[in-house]
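Me: I am new to this structure and would love a friendly, close look at one part of it. Could you start with the overall picture and then take me there step by step?

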Amino acid sequence: MVDTLHVGDVRVRRIEEWQGNFLPPSVFFVGFDDADFRRVAGPLTPQYYDAAADSLYAFLQTWVLEVDGLTVVWDTGAGNAKERPGIPIFGNLDTPFLERFADAGFRLEEVDLVICSHLHIDHVGWNTRLEQGRWVPTFPNARYLLPAIDRDYWDPRGPGPRPTESGAFVNSGTFEDSVQPLLDAGVAELVGHGCQVSKSLSLQSVPGHTPGHLAMNLRSRGEEAVFVGDVLHHPLQVHYPHWNSPYCEDQAQARVTRRRILEEAAERDALVVPAHFGGVHCCRVRRSGETFTPVLEA
Ligand SMILES: [Zn+2]
């Protein structure tokens, strides 16, 4: 298990929230083909696919970067004690995430920035925690950078456009307990494509999974990583970029964006750091003609 990555001068720690079986690939992937799956499943078993259960093996994890004098948290998982009728497996969790955060050597108070790739249920959870019956910011001194377009989209009182019906159900309760409290506390900053977070960190628009989805590019001493959130859920989508998750709000745009990100990562030999990968939790991408292959090594 890789718990620390180094990208140039930057140390990146992985802090795990949850791991387990999620769904059979034939159920999860829109565009799934069984023969294509069998062709590449071998090396993905068992770290990314539990064959006995016929289930994708998935993680919720947060990445903490020490970069340019800042402590930056990228994506905040599902959180504890949240009502989640849309995805019950992520509801009412009681994980030792905060203890693990402390064990990794970080204090909540020292986090400067929290950045959410998008405003889905499993990426904003630890934005807040319950204190005396109220949802309050978990990281008391942090500014929270949130995708502006997703705020307009997921805020039930926002200007829209509105989520799909299934998307709204999956995400029910999320905005109210994990985003609105940040807006109320005045600690949220709404950002978008081209945001230069610091000398080494920038954000780019990667729409499709959600309309405001952002990826984070890290460059340090000639090395590159791209934190892609849910542009990729699973290494199978490196082999088959046209396989979407059922949670991609704009299915056609999600496919276009995924292919672009894979092309760029292969071209630049960037380390790709998705939100939910098992195994070594990141990959590089090799391209041969129109075919991509994940290199699943740290
Ligand atoms: Zn996700």
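Among contacts in the chain between residues at least 6 apart in sequence, what share join residues at least 24 apart? After that, please take me to the site of the zinc ion: which residues coordinate the ion, and where along the chain do they come from?

Reply: Happy to. Please keep in mind that this is a predicted model. The average pLDDT of the chain is 97, and 99% of the residues score at least 70. Among the elements of the chain, the lowest mean pLDDT, 95, belongs to strand 1 (residues 4-7), while strand 6 (residues 113-115) has the highest, 99.

To your opening question: 67% of the contacts between residues at least 6 apart in sequence join residues at least 24 apart. The chain that makes these contacts has nine helices and 17 strands. Its C-alpha atoms fit a box of roughly 50 × 45 × 35 Å along the principal axes. For 298 residues, a compact globule would have a radius of gyration near 19 Å, and the 18 Å of this chain agrees with that. Of the 298 residues, 57% are buried.

Now to the metal. The zinc ion is held by four residues: Asp122 and Asp230 each give an OD atom, and His123 and His276 each give NE2, at 2.1 to 2.2 Å. If you read along the chain, these donors follow the spacing D-H-x106-D-x45-H. Aspartate 230 and histidine 276 link distant parts of the chain, with their positions 46 residues apart in the numbering. Aspartate 230 sits in the loop between strand 14 (223-229) and helix 8 (236-239). Histidine 276 comes from the loop between strand 15 (271-274) and strand 16 (284-288).

How is the site arranged? The angles among the four donor atoms run from 83 to 156°, and the site counts as irregular. A tetrahedral site would need all angles to lie between 85 and 135 degrees, so this range does not qualify.

Are these two donors buried or exposed? Aspartate 230 is buried, because its relative accessibility is 2%, and under 20% counts as buried. Histidine 276 is also buried, with 7% relative accessible area.

From histidine 276 you can step to a neighbor. Alanine 58 touches His276, as well as Trp18, Gln19, Gly20 and Phe22, leaving aside residues up to four places away in sequence. Alanine 58 belongs to strand 4 (residues 55-67), and at 14% relative accessible area this alanine is buried. For a sense of scale, alanine 58 and glutamate 249 are 191 residues apart in sequence and 20 Å apart in space, C-alpha to C-alpha. Alanine 185 in helix 7 (residues 180-185) and proline 137 are 48 residues apart in sequence, with their C-alpha atoms 8.0 Å apart. Alanine 185 is partly exposed, at 44%.

The loop that carries histidine 276 follows strand 15, and there is something to see just ahead of that strand too. Aspartate 269 lies in the loop between helix 9 (251-268) and strand 15, and its phi is positive, about 55°, although it is not a glycine. Most residues other than glycine have a negative phi, and most peptide bonds are trans. Alanine 81 has a positive phi as well, near 65°, in the loop between strand 5 (70-74) and helix 3 (97-103). Aspartate 269 is partly exposed, at 38%, and alanine 81 is partly exposed at 38%.

Cis peptide bonds appear too. One joins threonine 45 and proline 46, with omega about 5°, and proline 46 lies in the loop between helix 2 (34-41) and strand 3 (49-50). Another runs from glycine 160 to proline 161, with omega near 5°, in the loop between helix 4 (148-154) and helix 5 (165-170).

Finally, the cysteines. The whole structure has zero disulfides. Why does cysteine 282 not form one? Its sulfur is 7.2 Å from the closest cysteine sulfur, in cysteine 283, which is too far for a bond. For cysteine 248 the closest cysteine sulfur is also in cysteine 283, but 17 Å away, again too far. Cysteine 282 is buried at 0% relative accessible area, and cysteine 248 is buried at 4%.

How values were computed. Residues numbered from 1 in each chain as written. Predicted model: local features only at pLDDT ≥ 70, side-chain atom pairs only at ≥ 80, totals over all residues. Heavy atoms only, no water. pLDDT = per-residue confidence, 0-100. Helix = DSSP H or I, 4+ residues; strand = E, 2+ residues; numbered from the N terminus. Donors = N, O, S within 2.8 Å, 3.2 Å for Na, K, Ca; no water. Tetrahedral: all angles 85-135°; square planar, octahedral: opposite > 155°, others 65-115°. Buried < 20%, exposed > 50% of the residue type's maximum accessible area, 1.4 Å probe, protein only. Disulfide = S-S within 2.5 Å. Rg over C-alpha atoms; globule rule 2.2 N^0.38 Å. Contact = heavy atoms within 4.5 Å.
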